[in-house]
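Colleague: Before I rely on the terms used for this model, I should like each of them justified. Could you take me through the assignments and the definitions behind them?

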Amino acid sequence: MTTHGSSKSPLVVVGDALLDRDLTGSADRLAPDAPVPVVAGCEERIRPGGAALAACLAAADGRPVTLVTGLGDDPASERLRELVAGRVELIALPLTGALPEKTRVLAGGRPVVRLDRGDGRVRAATDEARAALRAAPAVLVSDYGRGAADALRDVLTERPPLVWDPHPRGGPPVPGTRLATPARSEAEAFAEQTGTGADPRGGELRQAAGRAAALVRHWRVGAVSVTLGVRGALLSYGDHPLLVPAPAAHDGDPCGAGDRFAATAAGLLADGALVGEALQGAVAAATAFVGAGGATAIAPPAPAAPAPPPGDGASGDPFAVAARVRACGGTVVAAGGCFDLLHAGHVGLLQAARRIGDCLVVCVNSDDSVRRRKGDGRPVNPLADRVRVLRALGCVDAVAVFDEDTPERLLAELRPDVWVKGGDYTGADLPEAALLREWGGQAVLLPYLDGRSSTALIARAAEGAR
């Protein structure tokens with residue numbers, strides 16, 4: 001293997017390999033015998049798919065990787081062996097039928113049709129595969145519903161994997177799995193299968209949070225992460241979710257992004273990262289993967305619902321801004337705090353919150369409210385100054401002021417779809433979560449930039465003055 005000598009922890013990937021093929025050309029006319037595009041000048045590109053792609057991506061990160069997957073003696077299996085040679089160590093499971101192949105035809109970078117062939121399924125486990133799993137320091141299950149994970153389920157149950165990337169046609173993750181990583185559509189399908197449906201009143205984010213929490217309990221896993229495309233990923237341990245927004249939005253081909261996400265998360269966990277840290281790294285890696293062209297050429301996804309203009313900007317009425325966004329089917333996000341001395345932690349939190357939806361309303365404590373919470377001498381900056389600074393941020397669409405100790409009355413009037421707080425809060429510190437549920441909203445935690453706070457800034461300034 002080319003990765004010997006790596007300082008990164010080895011990883012065993014168990015799952016179903018595919019052979020992926022893209023035929024990319026251009027289309028400027030329809031066929032004379034049917035209203036279908038004629039794709040001309042096609043170039044063929046063949047690559048590992050499924051668990052084989054996840055394994056190759058993990059190996060590209062500089063770690064030793066062993067791939068346990070079904071392979072036969074058919075041409076597609078032989079081609080896949082050639083593609084992964086020298087990149088991963090291969091342990092083949094016996095396959096009934098031919099290796100599945102997925103061929104996409106793209107015109108101008110956009111998929112036109114996909115052709116599937118090969119119905120091979122893993123026939124049985126082998127002693128070599130069982131031994132590799134029992135000796136593995138870290139395991140990623142990349143289940144594409146073709147039998148590899150099912151054949152080895154007894155061993156995986158003995159030593160639960162770090163990450164299980166599930167497929168609705170496969171079995172559930174084994175109890176004790178540290179992190180399961182379904183996509184949004186997969187989480188919906190699993191929830192329907194298990195009878196753990198989401199609150200029908202909620203929007204996309206609330207439904208994802210409900211499904212993730214239900215699946216944590218039903219599967220008996222440590223955590224469930226639901227990937228949300230350009231919105232990032234939502235992590236649940238069964239209670240208040242943590243949302244990790246994508247650092248950027250790319251109009252790229254998402255094919256393979258899920259494998260990039262799972263491979264990165266598994267690798268980081270194998271190297272000792274916490275689940276939340278691994279999730280942040282996986283979101284960043286998947287976003288960069290799509291931005292760089294993904295598994296194939298760049299292809300714009302289906303257009304999202306247009307975001308409404310913010311009107312007169314952050315100086316506008318917050319209720320009017322929220323109403324305009326709702327009228328266009330958008331998502332209203334709100335965040336709150338004192339924002340006494342605006343620092344990098346505040347800015348990072350607000351920028352991340354704005355990427356979740358289509359507008360951001362900042363709910364800020366009045367001077368009296370800050371004084372009751374922080375004591376005499378606070379705020380350092382009066383309300384007018386704090387509001388002016390917040391309105392100057394490009395990520396803020398409107399500012400609302402509340403005089404009470406908590407923003408609950410204001411939230412009940414504003415009724416945002418999402419309420420955001422920094423990740424240093426605990427579940428007991430989110431009384432707004434129950435309030436948001438009354439209208440189908442969702443409270444989420446966002447990762448907070450360590451070591452930044454107004455109190456710390458004031459203390460450092462006082463120390464410097466002395």
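Modeller: The discussion below goes from the chain as a whole to one sheet, then to single residues and a ring pair.

Colleague: What makes a feature admissible here, and how are the residues numbered?

Modeller: This is a predicted model, so local features need pLDDT of at least 70 and side-chain atom pairs count only at pLDDT 80 or more, while totals for chains, interfaces and linings use all residues. Residues are numbered from 1 along each chain as its sequence is written, and side-chain values use heavy atoms, with hydrogens and water left out.

Colleague: How many helices and strands does the chain hold, and what makes a segment one or the other?

Modeller: The chain has 16 helices and 19 strands. Both are DSSP runs numbered from the N terminus: a helix is H or I with at least four residues, a strand is E with at least two.

Colleague: How much of the chain is buried, and what does that word require?

Modeller: Of the 466 residues, 51% are buried. Buried means under 20% relative accessible area, exposed means over 50%, and partly exposed lies in between, with a 1.4 Å probe and protein chains only. The chain exposes about 19,900 Å², of which carbon and sulfur atoms supply 53%; accessible areas come from the Shrake-Rupley method with a 1.4 Å probe, and for residues only the protein chains shown count as cover.

Colleague: Why are β3 and β7 said to stand at the edges of their sheet?

Modeller: Four strands form an open sheet in the order β3-β2-β6-β7, with mixed pairing. β3 (40-50) and β7 (110-117) each have a single partner strand, so one side of each is left without a neighbour in the sheet. From one strand to the next, the twist averages 20°.

Colleague: How do you know that β6 pairs with both β2 and β7?

Modeller: Two strands pair if DSSP finds at least two bridges between them. Seven bridges join β6 (residues 101-107) to β7, and these strands run antiparallel. Seven bridges also join β2 to β6, which run parallel. The requirement is therefore met for both partners. K102 stands opposite D20 in the one pairing and opposite D116 in the other, while L106 faces P111 of β7. In the hairpin of β6 and β7, two residues lie between the strands, and G108 takes a positive phi near 60°.

Colleague: What makes β6 covered on both faces?

Modeller: In a regular strand the side chains alternate between the two faces of the sheet. E101, T103, V105 and A107 lie on one side, K102, R104 and L106 on the other, and all are buried. R104 has a relative accessible area of 13%, which is under the 20% limit, so the residue counts as buried. The side chain of R104 also makes a polar contact of 3.1 Å with that of D22. A polar contact is a pair of N or O atoms within 3.5 Å; within protein, one must be able to donate a hydrogen and the other to accept it, and residues adjacent in sequence count only if both atoms are side-chain atoms.

Colleague: How do you know that α1 packs on the sheet?

Modeller: Helix α1 (residues 51-60) touches β2 (17-26) and β3, where contact means heavy atoms within 4.5 Å. The direction of α1 makes about 80° with that of β3; axes are lines fitted to C-alpha atoms, for helices over the stretch in contact, and angles run from 0 to 180 degrees between N-to-C directions. Nine of the ten residues of α1 are buried, among them L53, C56 and L57.

Colleague: Why is the pair of F190 and W219 called edge-to-face?

Modeller: Rings of Phe, Tyr and Trp (its six-membered ring) pair if their centres lie within 6.5 Å; planes under 30 degrees apart count as stacked, over 60 as edge-to-face and the rest as tilted. The centres of F190 and W219 are 5.1 Å apart and the planes are at 80°, so the pair is edge-to-face. F190 lies in helix α6 (residues 184-194) and W219 in helix α7, so the pair ties together parts that are 29 residues apart in sequence.
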